[in-house]
Structures are given as structure tokens and as C-alpha cells.
Amino acid sequence: MNQSIKQLAHYLPLMVLLLLGTASELLAQNFTVSGYMRAADTGEELLYANVYVPGSETGVTTNLYGFYSITLPQGKYTLEYSYIGYQKESIDIDLSQNIEQNIELKSLSQELDVVIVTGEREDVNVTSTEMSAVKLDMKEAKFIPVLLGEQDVIKTMQLMPGVSASSEGGSGFFVRGGDADQNLILLDEAPVYNASHLLGFFSVFNSDALKDVKLYKGGIPAEYGGRASSVMDIRMKNGNSKKWGATGGIGLISSRLTLEGPLVKDKGSIMISGRRTYADLLLKAVTSQFDNTSLYFYDLNLKANYQITKNDRIYLSGYFGRDVFGIENAGIDWGNTTGTLRWNHTFSSKLFSNTSFIYSDFDYGFGVESDGLDIELSAGIFDYNLKQDYNWYLNPKNTIKFGWQGIYHRFKPTTFLLDGESAGVDTELQEQYALEGGVYVANEQKVNKKISLNYGLRLSGIGNIGSYTEKEYNAEDEIISSTTHGKGEFYNSFLGLEPRVNATYLLNDASSIKASYNRIYQYLHLLSNSNSGTPTDLWIPSSKLVKPQIADQVAFGYFRNFKDNMYEFSVEGYYKNLQNQVDYEDGAEAFLNPDIEAELVFGKGRAYGAEFFLRKNKGKLTGWISYTLSKSERQFDEISGGKWFSARQDRTHDVSVVATYQITPRVNIAGSWVFYNGDAVTFPSGKYYVDGALVNLYTDRNSSRMPNYHRMDIGITAVLKDNAKRYSDINLSAYNLYNRKNAYTIDFSENAETGETEATRTALFGIVPSITWNFRF
């Protein structure tokens, strides 16, 4: 605690900048234009849209709810409003008093060339303080081919520099050498603890229900906290407030349908979106051998909003998804449930508020019925979260954000139930409870024409809550003492100060250099021996033994646009230092272990690299090339003799090439090619026998490599109908076009005839064709 106070005093000079340079602005005769930017055809708020005063350096962007506020000296101005995929709108104002100005932008042509980035300030990548951030256009993601033709925002993100897939065809991902549990994934502000369907081959996000996706790899704003590597902020559509309509698609293994429309025109709307796979239904229709088989997942997204008064709007959103896999008398299932209730309130033209109450629940398990025995295994985690955020538009040069958050965590550990005529066992590990919180303040400041800053400070912390029996262990993992804490009793607490700084220096109108630094504390830890969630995985809170993970990241970048912003180029270098990393010790007993903390080891990590990105934004041919050169390592005293070793996700080279070509106004072809070095793995280095049984001998952790991975995907989209009332297209695609047999696993076994150890390579996918019909009416 004392250390945190000392750190706070150390960073106070940084926050003093919040008050510098504002006195003259406050005394001047200024007035404010504020309002919301929405889409004219649907009424959807436009996030991160631009408001700009041509011929000046003055401009702002809308917040996460489409609200903007810009303060100017008294006078006459032209304001220019713009957003990706929408027509620019300009209005003339005579600013002699505060003005409320709501704007609706018309969409560009619904033809396939909407992937051309038009209508946004085309130099925003150069001029903004943001770096290490990727904003995904949902229309653009529609055309990029993926496994089985199912549009997937996470798999599209995996094609960006610094982001890599966790496995072949999987929706898990690593960011800048961090672990998978170090990614904070938010759906309408609710954390999603497992974003995978079908053992990782699909993500839980139905793209038809989504409005905006943004990933922060570094330079993470102060309003976010809790994960060491990245934040993926996903926002659902509000629903069309102008008219009722439906969109959907029918594919080879899944179908989806979205209905949306006004509750009261221009006052509120509702959106319902569902998706289900039907592989099990097709198999049952083909043969009776699968009559007792269940293999499917489903998603349901719901959202409604209503404007109560001129200054107040409420939103209610939810997600419900589940996977079910069963054969005969055995089955496994897992799923997420989230809910978000939000209240937007405008106190004045300069002060905007959002209050959110958030619920998140994730559970998974399996069951078996055999010979009179019932076996069940389950685990999970759920949260209650109260969050308050404010945007204060102080003046054209300073926009201040501040707020707080409190999260109540309940950790549901592995529960094992064995019930039958001759046996009865009920094993349940201790539940754990914790209260996590944070308070933050940040300022986005335009110092002068060349220098812009975004700086802030977040104070975060966690406290454990009883009832719980806390244990201490010796070097042999034996219990040496225990302390029982009563229900509701607080014990163990951690506080952490998290400074965040982004800086931009404009070299000229087309180029800039940027730098960022952020520190983040992570108080939750995922203990896993697998790439996808299983009942042996556990989320645990920080404790007396398991200290919070701490990540410090610095990044520097050069950004340049060419040919009137037709091309954009960037190169970023980063270094990430990781403290208090958590892993299982070699030979750990993780299953149903009440002393799981005794099986853990603690160490440190580092990740560094360079990311190159070249993108073409205009013309019939658009797309990008990304290349990442990186290294990710870990060090634990108890593993590999204390030597540094490669993290599993360490990939020296990672390349993605993505292209979309408009053949005709109704026909579009898109393709992608990826290459990366194989994951670091631990292969046997020798063998010996015990009572005639073969035992493999392993030495250093992750000292071997899987083979290099590469793959090409291609897809073609043809518009069948496009008018004011109906739209439909058909998409044909091929995953792994040249049928590369990439290694998914490599297993070692002894040849029964020769006695030699042989490696068996398993490839998961060859070429996978798919067809999808999409419609809108």
C-alpha cells in the first residue's frame, strides 16, 4: 500500500498537465456545438466518426455512443462530418450560442465497392494519438474468406500485424507475444471468458449482430484494465430505428437470421440475432449411426434501446451461446451468458455520462452415464460489474475522460460428482470470491499543430473475500499452515498504479512519429494445459501466493500516407516486460487438486518485435500486407534449469497478405495468404523402459519447433439482387486452396517391428470448400 502511495506521488506531475494551457480557453468567449452522429438509413450511432473544421487544426471524434462536442470561439464556421462508408456532410453555423446539432450521414452505394475507405478523415492514422490499434470495418470483413465460409471478426483480426492465431483454423489469438488469457474481450462492455465455439474453430461472435470491433495491442487507454496484453472492444448493433428488416445467411453447416426494427420510430429500436449449426441434423438425415449424436452450437444476441428524454437513453443487451457435443451416453458442453444495462446521460453540451451494470457467466463441463454410474465434471466463473464513465469536452484542445469500475468475481472451481448404486463421491474444490476495482482519469490534448498527447493514470486493485481457507506450502509442496476466513471477510489486497501515455509528432501533412507507454496489472489467471477450454482449466484470482501479473510495454512507430492517402504505411517497434507470470510446474497434478497453488511456478517474460503494415485503401484493388518479426520468451527458476525459453506462441516470422478486387459492380474476388514459423514445443529427447513400458524423456521446455505453417484462402462473392427492398449474394470460398497439410499435432510412438521411435504428423484440414447465401430485406 505504501509503495502504491509513493508511486502515486511520483506520477502526480503527469496529471498536472490536465490543467495546463486551459486558462485562456476558459476565459475566452467560446460556445459549443454538440450532438449525435447516426446513420441515416438505420439510426445507428456512428462510433469514432469525425467532426472537423476545414482549414484549421480543430476536430474531434465521436465517443463509443456516437456523441460529440466541439467548442469554438464565437463566429461563423463550416463543420464537416465524416465516417467510413458514408457520405461526407458539411453544414454552416453561426456560433453565437451553444448549439445542439444531430447529424445523420447517408450510406455510400450498397454495391460491393463499399470496402473502399471513403468518408473518413483519410489521414487519421497519421494525425491521431492512437497507435498499436486496429479498427475493423464490418463491411470489409464480409469478403475475407475464412474456414467454412463463416464470417469471423477474430479470424480477420488474426491477419493484422502483431496478432497470431492460437492454432490451425482456431479463433483463439495471441497479441505481441502475450498469452491467450492476457486478452480482454468485451462484448457491449461485458467480458467474454471463452470466445470459442466448436473446440475453437468458430468464434462466439455472429458478425450480423455486430457494429464495431476495435483491438488495442498497445497504448491502451486508461479506461481499460485487467489484462496484460490487449483489449478487444466489440459493440453490438442497436437495431434499425427507421424500419423493420431482416438479414441472414444459409451455409453448409450453419445458418443465421437477424431481425431489427423500431420500438417507437426514432426513439428506440430492437435487434434479435440468432445462429445455429446443424451438422448433427445433416448426419442424422444421412445415416442412423448418428441418431444418438449431438454436435452443434448456437448464439442468440439481443439488444434494445429507448430514448427516455432528450438527455437520457437506456440500452439493454444480452448474449447467450452454448456448445453441445454428445455421443451415446457421454457429452461435453460449455457456454457464455452476458448482459449489459446502460444509461447514457448528457449533463450539458460538454459533459457526457454512461452508467453500466454488467453480468457475465461462463461455465463448462462434461458428463458420462455408464453401467449405473453418473459422472459429472464442471467449472466456471461469473461476474457482477458496475461501471461509470464520463467524457468532459473541456475545450478544443483537451478532452478529459474519468470514471470508476467495481467487479465482483465468483470463481466456480472444478466440481466432480460420481453417483451410482455402488458408489457416491462428491468432490468440490473451494469456491473463491474477489472484488476488483479501478479508477482512472485521462486527457487527450492537442499541444500545438504538430504535437498531440493522450495521457492518463489508472489506479486498480483487488481484494480476496471469504469464506475461504488459505494455505501455505513448503518447498516440497506440503501444507505448513492454513487460515480460514469467514464469509464476507476481506483478506489479501493488491493495488497498482498504471500510467498510460501516447504521443504524436507530425513531421508533415503525410507522416508522423508516435510513441506510447502503458503499464497494466492483471489480477485474474487462467491455469490451462490445453489450447481450448476444458473442465481442467481454472480461472483463479491473485492471492498471497499468486501475485498480480504486471506488463510494461513501450512502442515507437513511423506512419506515412502516399498518393493522396491511397496508401498507408506504418512500422512499429515494441518491447514488453512481463512480471509474475504463472505456469504449472513440470509434472503438475492439476485435476481435482485442492492444493492447485502448490503446483504452480512463477517467473517473468519478455516480448519484443517490429510490425510492418502496408495498406491500399482506394480503387478496385484494396487490401494489405503485414509482416511481424518478433520474439517471446519466459523464465522460471523451476523450469529448464532457470534458463530463458521460447513461449509456445513465439513465432519469429509472421506474414499475411490480403487482397480484394472488384471485377464488376456485382462481382468481387478476395484472397489471403498466411505464413508463420511453427510453434515452440517440447518433443522427447530420449526414452527408457519401466517394467517393459516405454517412457519418453523430455529435457528443456519448448526447445523444438513445429513445421512452418502456410495457407492460401480464396473467395468470390456475386450479387444476385440489389434494390431498395431486397439484397442477396452468394459466396463461394475455399480454405487452404493448395491443400497444404499443415501439422496440427506430432505424436511419438514406438514401431512394434523395429523398436524405433517414430513421429506421426496429423494434419487437421486439407482444402475445405464452402458456399453461403446471404440475404437482406
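**Strands, rings and a buried asparagine**

In this predicted model, four strands make up an open sheet whose order is β3-β2-β5-β6, and the pairing within this sheet is antiparallel. The edges are taken by β3 (59-61) and β6 (89-95), each of which has a single partner strand, so that one side of each is left without a neighbour in the sheet. From one strand to the next, the twist of this sheet averages 20°. Within the sheet, β5, which covers residues 75-82, is joined to β6 by seven bridges in the antiparallel sense, and a reader who wishes to locate this pairing in the structure can begin at Tyr77, whose bridge partner in β6 is Ile93.

Further along the chain, another set of strands can be followed from one pairing to the next. Strand β29 (residues 451-465) pairs with strand β32 (residues 490-508) over 15 bridges, again in the antiparallel sense, and here the bridge partner of Arg458 is Glu498 in β32. Strand β32 is in turn joined by eight bridges to strand β33 (residues 511-522), and these two strands run antiparallel. The connection between β32 and β33 is a hairpin, made through two residues, while Arg500 has Asn518 of β33 as its bridge partner.

The aromatic side chains offer a second way through the model. A pair of aromatic rings is described by the distance of the centres and the angle of the planes. With ring centres required to lie within 6.5 Å, the count comes to 29 aromatic pairs. One of them is formed by Phe67 and Phe352, with 5.1 Å from centre to centre and 25° between the planes, and this pair is stacked, because planes under 30 degrees apart count as such. Since Phe67 lies in strand β4 (residues 67-73) and Phe352 in strand β24 (residues 351-370), the pair ties together parts that are 285 residues apart in sequence. Both Phe67 and Phe352 are buried. For Tyr83 and Tyr86, by contrast, the ring centres are 5.8 Å apart and the planes stand at 45°, so this pair is tilted. Tyr83 is buried, with a relative accessible area of 10%, and Tyr86 counts as buried at 11% relative accessibility, because the term applies under 20%. Returning to Phe67 and Phe352, these two residues belong to one aromatic cluster together with Tyr36, Tyr65 and Tyr393.

Aromatic rings also meet charged side chains in this model. The charged end of Lys155 is placed over the ring of Phe202, at 5.5 Å from the centre of that ring, and Arg342 lies over the face of Tyr315, where the distance to the ring centre is 4.9 Å.

A last stop is Asn385, which has its place in strand β25 (residues 373-395). Is this residue buried or exposed? Asn385 has 2% relative accessibility and therefore counts as buried. What does the side chain of Asn385 make a polar contact with? The partner is the side chain of Gln405, at 3.4 Å. When residues up to four places away in sequence are not counted, Asn385 touches Ser356, Phe357 and Ile358, as well as Gln405, Gly406 and Ile407, so that Gln405 appears both among these contacts and as the polar partner of the buried Asn385.

Conventions:
Residues numbered from 1 in each chain as written. Predicted model: local features only at pLDDT ≥ 70, side-chain atom pairs only at ≥ 80, totals over all residues. Heavy atoms only, no water. Pairing = 2+ DSSP bridges. Axes fitted to C-alpha atoms, helices over the stretch in contact; angles between N-to-C directions. Phe/Tyr/Trp six-rings, centres within 6.5 Å; stacked < 30°, edge-to-face > 60°. Buried < 20%, exposed > 50% of the residue type's maximum accessible area, 1.4 Å probe, protein only. Lys NZ or Arg CZ within 6 Å of the ring centre and 35° of its normal. Polar contact = N/O pair within 3.5 Å; in protein donor to acceptor, adjacent residues only side chain to side chain. Contact = heavy atoms within 4.5 Å.
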